There are 2 protein chains.
Amino acid sequence: MKKTASTTKSMQRAPTVTDIAAGAGVSRATVSLVLRESPLVHPDTRARVQAELAKQRYVYNRGAANLRRRTSSAVALVINDLSNPFFAEFAAGVDEALGDKGYVTLLGNTSESPLRQDAVLASLMEHTPAGLILSPAEGSDGKRVAQVLGTNLAVLVFNREIKGGEWDYLALDNQRGAELATEHLIAHGHNKIAFFGGHASSSSCRQRRAGFEAAMKRAKLPLRKEWMIETAPNRLDAAANAATLFAQKAQPTAAVCYNDAVALGLMLGLAARGVHPGRDFALTGFDDIPEAALASPPLTTVAVQPRERGRQAAELLLQRLGMQASKPRQIVAAVQLKVRASSPSPT
Amino acid sequence: MKKTASTTKSMQRAPTVTDIAAGAGVSRATVSLVLRESPLVHPDTRARVQAELAKQRYVYNRGAANLRRRTSSAVALVINDLSNPFFAEFAAGVDEALGDKGYVTLLGNTSESPLRQDAVLASLMEHTPAGLILSPAEGSDGKRVAQVLGTNLAVLVFNREIKGGEWDYLALDNQRGAELATEHLIAHGHNKIAFFGGHASSSSCRQRRAGFEAAMKRAKLPLRKEWMIETAPNRLDAAANAATLFAQKAQPTAAVCYNDAVALGLMLGLAARGVHPGRDFALTGFDDIPEAALASPPLTTVAVQPRERGRQAAELLLQRLGMQASKPRQIVAAVQLKVRASSPSPT
DNA sequence: CTGAAAGCGCTTACAG
DNA sequence: CTGAAAGCGCTTACAG
């Protein structure tokens with residue numbers, strides 16, 4: 001209990017089971033049984049109670065019920081960057097799946113700040129969630145997080161591993177996605193392929209590079225240092241670095257891009273140099289953001305389906321709620337290549 | 001209480017005020033006073049209790065406290081389309097501001113379905129929120145919504161008016177935004193200006209058209225039916241309809257677009273016809289999505305700052321919590337023109 | 001300054 | 001099938 005929560009009194013007492021019981025001429029226990037659709041109640045009694053419920057516009061107080069039953073119908077969802085459409089979609093998927101199962105979502109956005117994450121988690125814990133889905137802020141400290149969460153909470157970590165915690169983990173298959181993209185370009189006859197964009201220090205970039213390199217090695221194609229190009233993972237920096245691809249005498253004919261933003265930026269950069277993407281140069285993205293299909297030419301990319309991942313995360317967490325304590329699970333979500341016009345055969 | 005909420009028992013009892021009281025050798029009341037930082041407790045006692053709190057890793061149960069105090073520290077946030085970055089930003093702003101005030105956000109996403117909205121609202125009501133921020137699904141029925149919310153809840157409606165309810169309402173200044181854009185084009189010497197995109201049946205499109213028409217009339221410029229062009233409010237349909245602008249003998253030299261998506265689509269459509277946007281033709285957008293600044297040329301547009309709007313919505317709602325019942329308020333959020341390269345003088 | 005008792009709105013054995 | 005009683009974890013008068 002760090003900061004004092006401001007609160008507010010309701011202006012007018014809402015009806016309770018006691019009011020309904022009085023109105024229907026039964027005991028509170030009977031009302032409770034009707035509310036939870038117990039078959040023990042006589043149909044006539046049930047009808048009478050239900051009429052009274054409707055008449056008084058009764059609203060169930062799940063908090064009170066949870067307190068008495070020592071249960072929870074809330075799940076905390078803590079997101080590192082809700083303004084990123086990828087995570088917003090993920091959140092929508094989580095909320096959808098939780099709602100279907102009768103849970104409510106307690107939202108927390110951390111804006112990539114581990115400090116804020118600590119505060120958000122502590123605050124949410126006071127609302128006794130049944131579990132937590134956490135897409136960690138960059139630089140999260142597993143020990144600290146474990147400390148505020150305690151040991152009794154079901155937790156699912158998404159997207160970024162946290163070292164120092166023992167939690168279920170849902171990851172994207174970054175390596176496989178990059179392999180699929182690389183194999184696709186190879187199958188179309190490319191053999192001079194670059195890996196373009198991203199910071200090699202990030203785990204997702206490392207995994208995607210690993211997939212690229214694995215596919216290239218399997219095909220016995222050359223891996224050249226000059227063709228492994230780092231940029232910030234956004235459109236702007238990608239556009240600015242397009243020229244790097246052609247700085248050497250040996251020039252690639254295709255590039256596997258770190259993600260769609262980078263790929264779209266590269267397309268702009270190529271166009272500015274008079275190179276037509278999808279005609280003079282082939283490239284692939286990663287993510288399948290809505291824009292990818294609308295670019296010209298439409299971008300071949302790896303779809304990760306964030307909303308589906310959200311649903312999956314919710315399901316994994318709810319499974320965990322029913323389980324005895326056991327080893328943390330590692331689930332790697334399948335990804336899928338979407339072939340579009342940006343990746344033709346070499347000219 | 002429609003569907004049965006699945007629930008889960010915690011595996012191991014968490015310490016309560018009783019445990020702390022026993023450990024520290026005081027009464028539960030004293031522990032409670034320490035928790036709420038009452039000055040009535042002797043410093044020595046307080047220290048003893050706080051040590052015990054830390055030792056037992058006590059976590060405050062806000063739900064129990066809220067039950068006893070008949071208060072709530074939760075606010076429901078119901079969003080029509082979380083996968084739209086505009087609303088995701090808005091949600092992030094709401095969550096941020098609520099968190100700062102000690103409230104937790106109960107999230108619900110309706111995917112633009114009034115049916116789902118009813119279900120989501122009913123479910124959230126069972127968690128006794130102190131208030132609700134609602135960005136309504138298209139086609140929401142005010143009567144129905146009012147029915148599930150009851151009369152005792154503080155409500156703030158965002159972005160789309162709901163007829164049939166008496167709630168505070170935060171709107172964007174669509175009309176003023178379109179006026180600003182239109183005046184900007186006029187100031188740059190354009191006098192043949194089209195309004196491009198959106199469905200005239202939507203309230204936001206109507207308001208933006210009204211602003212456009214007002215500015216044109218003030219400048220005594222011609223309003224032509226053929227220059228009021230409807231499209232779906234997305235990039236694809238906008239691109240497909242670019243030719244419509246030049247179908248008549250009288251051709252506009254500029255367009256105020258319904259929103260950024262439409263403007264970016266129009267830019268593609270123009271380019272495909274060999275018309276260079278920002279050189280041969282001037283246009284403006286609405287929203288200032290991140291892409292607007294990155295387009296080539298960068299798009300002049302009207303910034304609505306969704307995250308700020310989220311913070312504002314949270315503040316307005318919290319104000320309402322402290323107020324006696326009174327007339328609903330209508331707040332119109334200011335918007336702001338961002339001039340970029342897409343809107344030069346006519347050639 | 002501290003403690004004993006009652007109660008928030010529910011549910012759960014236990015009788016009958 | 002229904003009711004009286006106890007209790008979930010907290011807070012709030014009320015004594016002392």
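# Notebook: two protein chains and two DNA strands

**Entry 1. DNA strand C.** I began with the surface near DNA strand C and found that H4(A) gives the most to it, with four residues. I note at the outset that the model I am reading is predicted. I then looked up which elements supply at least two residues each to this surface. They are helix H2 (28-35) and helix H4 (62-69) of chain A, together with helix H2 (28-35) and helix H4 (62-69) of chain B.

I recorded 25 residues around DNA strand C, and the closest are A:Arg28, A:Tyr60, B:Thr45, B:Arg68 and B:Arg70. Of the atoms of DNA strand C that come within 4 Å of the protein, sugar and phosphate account for 67%. By class, I listed the residues of this surface as twelve nonpolar, seven polar and six charged.

I next looked at individual atom pairs. B:Thr45 has a polar side-chain atom 2.2 Å from a phosphate oxygen of DNA strand C. At B:Ser27 a backbone N or O atom is the partner, and it lies 2.7 Å from a phosphate oxygen of DNA strand C. For A:Arg68 I noted a base oxygen of DNA strand C, which lies 3.0 Å from a polar side-chain atom of this residue.

**Entry 2. DNA strand D.** I turned to the other DNA strand in my notes. Which residues come nearest to DNA strand D? Of the 26 residues around DNA strand D, they are A:Thr45, A:Arg68, A:Arg70, B:Arg28 and B:Tyr58. Sugar and phosphate make up 68% of the atoms of DNA strand D that come within 4 Å of the protein.

I wrote down three contacts to phosphate oxygens of DNA strand D. B:Tyr58 places a side-chain N or O atom 2.4 Å from a phosphate oxygen of DNA strand D. A:Ser27 has a backbone N or O atom 2.6 Å from such an oxygen, and a polar backbone atom of B:Val17 is 2.6 Å from a phosphate oxygen of the strand. The elements giving two or more residues to the surface near DNA strand D are H2 and H4 of chain A together with H2 and H4 of chain B. H4(B) has the largest share, four residues. I counted the classes on this surface as twelve nonpolar, eight polar and six charged.

**Entry 3. The contact of chain A and chain B.** I then examined how the protein chains meet. The contact takes 67 residues from chain B and 67 residues from chain A. The size of an interface is often given as the accessible area lost when the parts come together. Here I noted about 6100 Å² buried between chain B and chain A, 52% of it on carbon and sulfur atoms.

How many residue pairs are in polar contact between chain B and chain A, both at pLDDT 80 or more? I found nine. On the side of chain B that touches chain A, the elements giving two or more residues are H4, helix H5 (85-100), strand E2 (104-109), helix H6 (114-125), helix H10 (235-240), helix H12 (290-294) and helix H13 (306-321) of chain B. H5(B) gives the most to that side, with nine residues. The side has 23 nonpolar, 24 polar and 20 charged residues.

I also looked for strand pairing between the chains. Strand E2 (residues 104-109) of chain A pairs with E2(B) in the antiparallel sense over three bridges. Within this pairing, I noted that A:Thr105 has B:Leu107 of E2(B) as its bridge partner.

**Entry 4. Salt bridges.** Side chains of opposite charge can pair when their charged atoms come close. I found 36 salt bridges over all chains, and four across the interface of chain B and chain A. A:Glu126 and B:Arg62 form a salt bridge at 2.5 Å, N to O. A:Arg62 forms one with B:Glu126, with the closest N and O atoms 2.5 Å apart. This pair joins two chains, because A:Arg62 lies in helix H4 of chain A and B:Glu126 in the loop between H6 and strand E3 (131-134) of chain B.

**Entry 5. A sheet in chain A.** I closed with an open sheet of four strands in chain A, in the order E7-E6-E8-E9, with parallel pairing. Its edge strands are strand E7 (228-229) and strand E9 (282-284), each of which pairs on one side only. Strand E6 (residues 193-196) of chain A runs parallel to E7(A), and two bridges join them. In E7(A), I noted A:Ile229 as the bridge partner of A:Phe196.

Conventions
Residues numbered from 1 in each chain as written. Chains lettered and ligands numbered in written order. Predicted model: local features only at pLDDT ≥ 70, side-chain atom pairs only at ≥ 80, totals over all residues. Heavy atoms only, no water. Near = heavy atom within 4 Å. Polar contact = N/O pair within 3.5 Å; in protein donor to acceptor, adjacent residues only side chain to side chain. Nonpolar A, V, L, I, M, F, W, Y, C, P; charged D, E, K, R; others polar. Contact = heavy atoms within 4.5 Å. Buried area = accessible area lost by both parts, 1.4 Å probe. Salt bridge = Lys/Arg side-chain N within 4 Å of Asp/Glu carboxyl O. Pairing = 2+ DSSP bridges.
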